[in-house]
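Thanks for making the time this morning. I would like to walk through one model with you, beginning with how far it can be trusted and then going through the fold.

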Amino acid sequence: MSSTDSPTTDEELSSNNTLRRRIVQTFGGIGVVSFAAAMLTPLKTLGINAEGGGGTELAGQTLVLAERYQPPDGDTTFEVGDPVTVEMMDMPDSILTFPEELVDSNNDMIRLHRLPEDQITEPTNPDWTAEGYVAYSAICTHLGCTVDWDTSDETATGRPTDHCFCHGSQFDPYEGAKVVHPPAERPLPQIGLEVGEDDVIQLTSDFGDKVGP
Ligand code: FES
């Protein structure tokens with residue numbers, strides 16, 4: 001399969017899905033800029049099957065890390081499965097997370113961002129943001145790969161985007177994850193957040209639209 005082909009069979013999707021999880025859990029930290037660059041090439045060929053969480057209620061669930069996270073200016077490393085707290089993330093930054101009860105459901109993987117609040121604008125739903133945290137499905141609406149956080153100087157907007165390296169789609173997390181580079185045609189669906197007890201980041205809703213293709 002070339003770098004521009006998408007997976008076409010259930011077997012390919014399942015294989016890619018497993019590989020992607022292994023990469024995330026083994027290496028983690030693709031929110032760290034220097035490491036993200038090393039990850040980009042292999043991720044071009046990885047597709048994720050959108051299988052869904054089986055109707056589990058999302059509202060009320062705490063977000064937990066799907067990859068190891070070390071804030072760019074921090075000394076502490078947070079591990080896969082750690083709950084996300086409001087003080088954890090630098091700004092701007094992004095990390096892959098799962099709802100705590102759906103850590104094996106790739107369709108429910110969520111890309112959590114922390115952005116300067118005054119830069120989060122329409123069509124983002126402001127009622128679904130909390131202290132600069134805003135979250136979208138991590139599943140590309142083109143053919144279902146996982147989107148990465150691109151902090152390079154060459155994004156479609158000139159600021160960080162959610163970038164799917166399977167076929168090049170980019171989404172603007174500052175503006176409702178709208179499409180800023182094709183071939184995707186639909187935004188990444190937003191999901192509601194609040195700061196809960198013990199300062200953990202919790203979901204307040206289901207996804208605002210269909211996840212994935
Ligand atoms: S799956 Fe094709 S651009 Fe994301």
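Over residues 1-53 the pLDDT stays under 50, and for that stretch the model has 83 contacts beyond four places in sequence. Where pLDDT is low, the predicted coordinates should not be read in detail, and I will leave that stretch aside. What you see is a predicted model throughout, with an average pLDDT of 81 and 75% of the residues scoring at least 70.

Now to the overall layout. The protein has two helices and ten strands, and along the sequence the two helices come before the strands, in the pattern α-α-β-β-β-β-β-β-β-β-β-β. Of its 213 residues, 43% count as buried. If we take the contacts between residues at least 6 apart in sequence, 61% of them join residues at least 24 apart.

The part I want to dwell on is an open sheet of six strands, whose order is E1-E2-E3-E4-E9-E10 and whose pairing is antiparallel. Its edge strands are E1, residues 63-65, and E10, each of which pairs on one side only. Ignoring direction, neighbouring strands of this sheet are turned by 40 degrees against each other on average.

Let me go across the sheet from the E1 side. E1 and E2 are joined by three bridges and run antiparallel, with Leu65 having Thr97 in E2 as its bridge partner. E2 and E3 are joined by five bridges, again antiparallel, and here Ile95 stands opposite Leu112 in E3. Five bridges also join E3 to E4, which run antiparallel, and Arg111 finds its bridge partner in Tyr136 of E4. Between E4, residues 133-137, and E9, residues 190-195, the antiparallel pairing rests on two bridges, and Ala135 is placed opposite Ile191 of E9. Finally, E9 pairs with E10, residues 201-207, over four antiparallel bridges, and Glu194 has Gln202 in E10 as its bridge partner. The hairpin of E9 and E10 has five residues between the strands, and within this hairpin Asp198 takes a positive phi near 60 degrees.

Why do I call E2 largely enclosed by the rest of the structure? Seven of its seven residues are buried, so the strand is largely enclosed by the rest of the structure. The burial holds for both directions: Asp93, Ile95, Thr97 and Pro99 point one way from E2, Ser94, Leu96 and Phe98 point the other way, and all are buried.

Turning to the core, the largest nonpolar core has 41 residues, among which Ile110, Leu112, Ala135, Cys140 and Ile191 touch the most other members. At least two residues of this core come from each of E1, E2, E3, E4, E9 and E10, and the largest share, four residues, is supplied by E4. Ala135 deserves a second look: leaving aside its neighbours within four places in sequence, Ala135 is in contact with Ile110, Arg111, Leu112, His113, Gln190, Ile191 and Leu193.

Just before E4 there is a loop that I would also inspect. Ala130 lies in this loop, between E3 and E4, and with 19 C-beta neighbours inside 10 Å it counts as partly exposed. Beyond four places in sequence, Ala130 touches Leu193, Glu194 and Val195; with Val195 the C-alpha to C-alpha distance is 6.5 Å, although the two residues are 65 apart in sequence. Glu131 sits in the loop between E3 and E4 as well, and has a positive phi of about 50 degrees although it is not a glycine. Glu131 counts as partly exposed, with 14 C-beta neighbours inside 10 Å.

Some other backbone details deserve mention. Ala177, also not a glycine, has a positive phi of about 55 degrees; its place is in the loop between E7 and E8. Is Ala177 buried or exposed? Ala177 is buried, because 27 other C-beta atoms lie within 10 Å.

There are also cis peptide bonds to report. The bond from Met91 to Pro92 is cis, with omega near -5 degrees, and Pro92 belongs to the loop between E1 and E2. Pro182 and Pro183 are likewise joined by a cis peptide bond, with omega about 15 degrees, and Pro183 is found in the loop between E8 and E9.

Terms used
Residues numbered from 1 in each chain as written. Predicted model: local features only at pLDDT ≥ 70, side-chain atom pairs only at ≥ 80, totals over all residues. Buried ≥ 20, exposed ≤ 12 C-beta atoms within 10 Å, placed from the backbone. Contact = placed C-beta atoms within 7 Å. Pairing = 2+ DSSP bridges. pLDDT = per-residue confidence, 0-100. Axes fitted to C-alpha atoms, helices over the stretch in contact; angles between N-to-C directions. Core = buried A, V, L, I, M, F, W, Y, C linked by C-beta atoms within 7 Å.
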